[in-house]
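Dear colleague,

I am handing over the structure we spoke about, and it is placed directly below so that you can have it open while you read. After it come my notes on what was found.

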Amino acid sequence: MTKKQCIAMLLAGGRGTRLKELTTYTAKPAVPFGGKYRIIDFTLSNCSNSGIDTVGVLTQYQPHTLHNYIGDGKYWDLDRKNGGITILPPYQSEKGDRWYEGTAHAIYQNLHYIESHKPEYVLVLSGDHIYKMDYSKMLEQHEETNADVTISVINVPWREANRFGIMNIDADSMRILDFEEKPKQPKSNLASMGIYIFKWKLLKRYLEKEEKRPFSSKDFGKDIIPAMIEDNHQVYAYRFKGYWKDVGTVQSLWEANMDLLSYETNPILQNEEWGIYTRESSKQPFYLDGKAAINQSLVSEGCKVFGKVENSVLYHGVTVSKGAVIKDSVILPNTFIGENVVINRAIVGSDTFIYSNVKVGDTNPFNEITLIGNHQIIKKNKTEQMKGNVV
């Protein structure tokens, strides 16, 4: 097999429990986003656009949803004879059956796959973030600084800093001095984006060492990277200045969909030549009734709108019946919304049927986003008001 300068390992096996009902039967990276996409489309498209043509996708939870969706990678121009996409679920070995036990352990379990490509560098990615990024520029910095590890970083709001790996850096050299995984009291708001470039030979050594250490969490943020910093390896930060969103919660998924409704915050409309690719859809064009009204919204193909839609995102195949009002909400594919239904500040799952006259959510911005799961039947006498609850 031809030697590769850099290959990508895309971590896509997480369950995504904070997305609640949306991931009961769906892998988190396969959750719909933006009317016609899946979350993983962004990372796969970034690889393709960046010239990274060899991508291992590590799956575990509900893997069939990703396997069926990704296929041979042709939609992202990653169906290559030399490289391309390879799906890497846990497998039985001479040591028996083993699940991926952490982010680092998932990479360790696939040492043979990586070694078969003989890469100089390995790019480790997460499959559950929304952003456009040219990984080749990060790789250029990695080579220029002769870094052992480069971590892509972004400033996050201080109130959210304890959700991320937080680091302190030397402002002049961008060398990382300290890395804390989800600290209770963060020292800075400079967060890891979960995007790492490693020198492969060094990473392999640390993966093998960590596998032998008892009681290890086998995680990059908790174990591998802190150990490399402690051992005085060259660990540098790469500052990213574009749009980036971790959509690991119902609130953040809703916010990211709402960001699509403004040109200034819509990552798909920014840098339009950097395409985000997805599987082809055979849905018919959407229908807008003469008495319908749509304002500041994103409506996908196959929708039929007879009511009012304001500041909302409708995925393909959604029906909004007469008298229904959808505001500040995200409606996932193939959902039917009955007459005179009112939905405010909510995410409604796929293939759900909402009977007429039901009210979902409320307008209070201080309340949690209301979530209705996939494949639900919502009747008025059961759920007249569902504020911040999962159905």
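Does Glu 210 count as buried or exposed? At 8% relative accessibility, Glu 210 counts as buried, where buried means under 20% relative accessible area, exposed means over 50%, and partly exposed lies in between, with a 1.4 Å probe and protein chains only.

Before going further, please keep in mind that this is a predicted model, in which local features need pLDDT of at least 70 and side-chain atom pairs count only at pLDDT 80 or more, while totals for chains, interfaces and linings use all residues. Residues are numbered from 1 along each chain as its sequence is written, and side-chain values use heavy atoms, with hydrogens and water left out.

Salt bridges

The structure holds 15 salt bridges, a salt bridge being a side-chain nitrogen of Lys or Arg within 4 Å of a carboxyl oxygen of Asp or Glu. Glu 210 takes part in one of them with Arg 213, and the closest N and O atoms of this pair are 2.5 Å apart; Arg 213 itself is partly exposed, with a relative accessible area of 39%. Elsewhere, Lys 4, Asp 53, Asp 77 and Arg 80 are joined into one network by salt bridges that share partners.

Arg 163 forms a salt bridge with Glu 160, the closest N and O atoms being 3.7 Å apart, and Arg 163 also forms one with Asp 246, where the closest N and O atoms are 3.7 Å apart. The pair of Arg 163 and Asp 246 links distant parts of the chain, since Arg 163 lies in the loop between S10 and strand S11 (165-169), whereas Asp 246 lies in strand S15 (residues 244-246), 83 residues apart. Helices (H or I, at least four residues) and strands (E, at least two) are DSSP runs, numbered from the N terminus. As for their surroundings, Arg 163 counts as partly exposed at 25% relative accessibility, while Glu 160 counts as buried at 18% and Asp 246 is buried with a relative accessible area of 13%.

Strand S13 and its partners

Nine of the 10 residues of S13 are buried, so this strand is largely enclosed by the rest of the structure. S13 pairs with S8 in the antiparallel sense over four bridges, two strands being counted as paired if DSSP finds at least two bridges between them, and here Tyr 121 stands opposite Lys 199 in S13. Strand S10 (residues 149-155) also pairs with S13 in the antiparallel sense, over six bridges, with Ile 154 standing opposite Ala 191 in S13. The loop between strand S12 (176-181) and strand S13 (190-199) holds Pro 186, which is partly exposed, with a relative accessible area of 22%.

Two parallel sheets

Six strands form an open sheet with parallel pairing, in the order S16-S19-S22-S25-S28-S31; its edge strands, each pairing on one side only, are strand S16 (287-288) and strand S31 (377-378). Strand S28 (residues 353-354) runs parallel to S31 and is joined to it by two bridges, and Phe 353 stands opposite Ile 377 in S31.

A further open sheet, of five strands and again with parallel pairing, has the order S18-S21-S24-S27-S30, and strand S18 (298-299) and strand S30 (370-372) are its edge strands, each pairing on one side only. Three bridges join strand S27 (residues 346-348) to S30 in parallel, and the bridge partner of Ile 347 in S30 is Leu 371.

Surface patches

Phe 353 and Ile 377 also belong, with Phe 336 and Tyr 355, to a nonpolar surface patch of about 360 Å². Patches are made of residues with over 30% relative accessible area and no salt bridge, with like charges joined within 9 Å and nonpolar side chains (Val, Leu, Ile, Met, Phe, Trp, Tyr) within 5 Å; accessible areas come from the Shrake-Rupley method with a 1.4 Å probe, and for residues only the protein chains shown count as cover. Phe 336 lies in strand S25 (residues 336-337).

A negative surface patch is formed by Glu 120, Glu 140, Glu 143 and Glu 144. Here Lys and Arg count as positive and Asp and Glu as negative, while His and the chain ends are not counted, and the place of a charge is taken as NZ of Lys, CZ of Arg, CG of Asp or CD of Glu. Glu 120 lies in the loop between helix H4 (111-117) and strand S8 (121-126), and at 41% relative accessibility Glu 120 counts as partly exposed.

With best regards
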